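Hi everyone, thanks for making time this morning. I'd like to walk you through a structure, so please have a look at the screen while I talk.

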Amino acid sequence: MAVAVVAGLGATACAADTDQLAGPVAASPSAGGQPVSAASLQSAATALCGARQQAASDVAGARGVFYALAHDRLHDLARMVQDRDRAAAARLLEAKAAVERDFAGQVTARKARADLERLVRATGAALGVLSIAPPACAGEPERK
Amino acid sequence: MLVVLLGAGCSSQTKDDAATPAGQGSKVGLQAEVASYDLSAEGVSRFLVGLVTQDNRFVSYGTVRLGFAFLGKDRPSGAATGTTSITATGRYLPVPGSPPAEGRSGPAIVSGAENRGVYAAGVTFDRAGWWGAIVSLDLQGRANSAQTTFEVAATHQVPAVGDAALKTKNLTTAAKDAPKGAVDSRAATDGKVPDPELHQTTIAAAIADRRPVVAVFSTPVYCVSRFCGPITDMVAQLAGRYRDRAEFVHVEVWRDFEKREVNKAAADWLYRGEDLNEPWVFVIGPDGKITARFDNVAAEPEVEAAIRRLPARP
């Protein structure tokens with residue numbers, strides 16, 4: 001059976017500033033109703049590069065960068081990519097899951113860096129599917 | 001009565017540099033995202049809403065005020081007006097794996113690293129159709145709010161409390177005709193099923209033996225929802241504590257993510273109208289009927305409470 005799975009955030013979403021709302025506003029969602037800009041996806045990729053670098057000396061700090069600046073955008077990116085290039089979405093999610101497993105337990109700096117490197121590259125490939133230029137750091141070999 | 005005007009046109013254009021208007025006129029630009037999977041006009045629905053800032057941080061902790069207005073049978077094509085007819089209090093529900101609140105009492109803006117979750121309330125919608133919700137809260141010392149629209153179906157689409165559980169034969173670690181990744185997506189890359197205790201029996205076999213079941217339907221690796229967390233880990237932890245109360249089963253959604261092939265057990269339970277949402281947790285009593293269900297964000301305390309309501313096994 002071939003079916004599509006969608007994330008369950010199908011409702012439209014808008015902001016309001018008071019209880020007395022003021023008419024329609026336009027949003028630009030492209031991933032499950034949530035607006036996502038190319039810049040924010042690039043920014044997440046850049047943050048991953050930072051986490052990759054930081055993991056060499058500070059795994060906990062790398063974890064913080066990953067969850068604060070990249071994790072949710074990677075979900076958005078996967079959702080946007082999955083209907084265009086299923087394999088790219090799969091590689092992205094698998095790489096992300098490996099990093100999450102690392103950060104959930106005791107991981108060596110070497111392993112964390114290796115898995116972050118894989119995630120940086122998978123993210124760059126996924127951005128390419130959307131014709132979004134990956135940040136320069138995503139194409140660079142890791143600096144030791 | 002509060003009159004709400006909801007911009008139903010707030011959906012969809014795909015544009016690389018799409019600008020969000022969330023901050024226009026807002027104290028703090030907030031976006032409300034309905035995170036419920038199966039809202040219906042039957043009984044009490046589990047309404048979940050997440051609040052996200054423009055810069056991708058979360059509103060977490062405390063409570064929010066919820067107001068609901070019926071907008072019409074059809075999806076509004078422009079501004080829609082409704083009168084708030086239902087109110088509720090939304091209580092914060094952290095995504096499993098989030099750190100404990102530690103003294104936080106009211107809503108606060110935090111990064112995804114610090115905490116993430118949704119606000120939950122039991123709501124009885126008296127009509128099917130399109131509804132608007134306004135979420136009001138005190139944030140950083142000021143009143144703030146966000147609105148969203150969503151659809152309420154006439155009847156639930158996914159098996160609900162009181163329904164007979166589907167007697168499905170989910171894959172177990174003994175399956176000979178399926179790759180390990182179809183048993184648990186975490187095994188897709190290294191062939192190791194991390195929670196084998198969740199893959200020892202089928203829902204059908206447990207029901208046949210009149211054993212209660214806690215079933216989590218999830219895809220730990222291939223989840224693309226913003227709010228999915230390590231829900232399978234949470235259920236595995238509960239399995240360690242409540243093995244005497246129920247069989248614990250993890251049903252992996254995907255047989256093959258890349259080929260878009262869904263496991264039959266997951267499809268039977270969740271595939272509706274071209275869509276399949278996950279994760280879900282179902283608690284099934286010894287009579288084979290569903291006693292509780294949790295869509296998307298299921299917090300450990302609420303699932304644990306449902307398990308504790310099951311009769312102890314002899």
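I'll begin with the two chains as a whole and then spend most of my time on one sheet and the helices beside it.

One thing to say up front: this is a predicted model. Please keep that in mind for every number I quote.

Let's take chain A quickly. Chain A has 4 helices and 3 strands, and along the sequence they come in the pattern β-β-β-α-α-α-α. Of its 144 residues, 56% are buried. If you look at contacts between residues at least 6 apart in sequence, 60% of them in chain A join residues at least 24 apart.

Now chain B, where I'd like to stay. Here we have 5 helices and 16 strands. A compact globule of 314 residues would have a radius of gyration near 20 Å, and chain B agrees with that, since its own value is 20 Å. The C-alpha trace spans about 60 × 40 × 40 Å along the principal axes. Buried residues account for 53% of the 314 in this chain. As for contacts with a separation of 6 or more, 71% of those in chain B are between residues 24 or more positions apart.

Next, the sheet. In what order do the strands of this open sheet in chain B run? The order is S12-S11-S15-S16, so to speak from one side to the other, with 4 strands and mixed pairing. The edge strands are S12, residues 247-252, and S16 of chain B, and each of them pairs on one side only. On average, neighbouring strands here are turned by 15 degrees against each other, ignoring direction.

As a quick reminder, strands of a sheet pair through backbone hydrogen bonds, in either a parallel or an antiparallel way. This sheet gives us an example of each. S11(B) and S12(B) are parallel, with 6 bridges between them. If you want a spot to find on screen, B:Val216 stands opposite B:His250 in S12(B). At the other pair, S15(B), residues 280-284, and S16(B) run antiparallel and are joined by 5 bridges. There, B:Phe282 has B:Arg293 of S16(B) as its bridge partner.

S15(B) and S16(B) also form a hairpin, with 5 residues between the two strands. In that turn, B:Gly288 has a positive phi of about 85 degrees.

Is S16(B), residues 290-295, largely enclosed or left open? It is largely enclosed by the rest of the structure, because 5 of its 6 residues are buried.

What lies across this sheet? H3(B) lies across S11, S12 and S15 of chain B, at about 165 degrees to S11(B). H5(B) lies across S11, S15 and S16 of chain B, and runs at about 170 degrees to S16(B).

These two helices also meet one another. The axes of H3(B), residues 231-242, and H5(B), residues 300-308, come within 11 Å and cross at roughly 35 degrees. Their crossing is right-handed. Which residues make the contact? From H3(B) we have B:Met234, B:Leu238 and B:Tyr242, and from H5(B) we have B:Glu300, B:Val303, B:Glu304 and B:Ile307. Sorted by class, that gives 5 nonpolar residues, 2 charged and no polar ones.

Let me finish with some backbone details that are fun to look up. The peptide bond from B:Glu278 to B:Pro279 is cis, with omega near 5 degrees. You'll find B:Pro279 in the loop between helix H4, residues 264-270, and S15 of chain B.

Then there are two residues with positive phi that are not glycines. B:Arg210 has a phi of about 60 degrees without being a glycine, and B:Asn296, also not a glycine, has a phi near 60 degrees. B:Arg210 sits in the loop between helix H2, residues 203-208, and strand S11, residues 213-218, of chain B. B:Asn296 is in the loop between S16 and H5 of chain B.

Which of these is buried and which is exposed? A residue is called exposed with 12 or fewer other C-beta atoms within 10 Å, and buried with 20 or more. B:Arg210 has 11 of them within 10 Å, so it is exposed. B:Asn296 has 30 C-beta neighbours inside 10 Å, and therefore counts as buried.

That's my tour. Thanks for listening, and I'm happy to go back to any part of it on screen.

Definitions and conventions:
Residues numbered from 1 in each chain as written. Chains lettered and ligands numbered in written order. Predicted model: local features only at pLDDT ≥ 70, side-chain atom pairs only at ≥ 80, totals over all residues. Pairing = 2+ DSSP bridges. Rg over C-alpha atoms; globule rule 2.2 N^0.38 Å. Contact = placed C-beta atoms within 7 Å. Axes fitted to C-alpha atoms, helices over the stretch in contact; angles between N-to-C directions. Left-handed = near helix turned anticlockwise from the far one by under 90°. Nonpolar A, V, L, I, M, F, W, Y, C, P; charged D, E, K, R; others polar.
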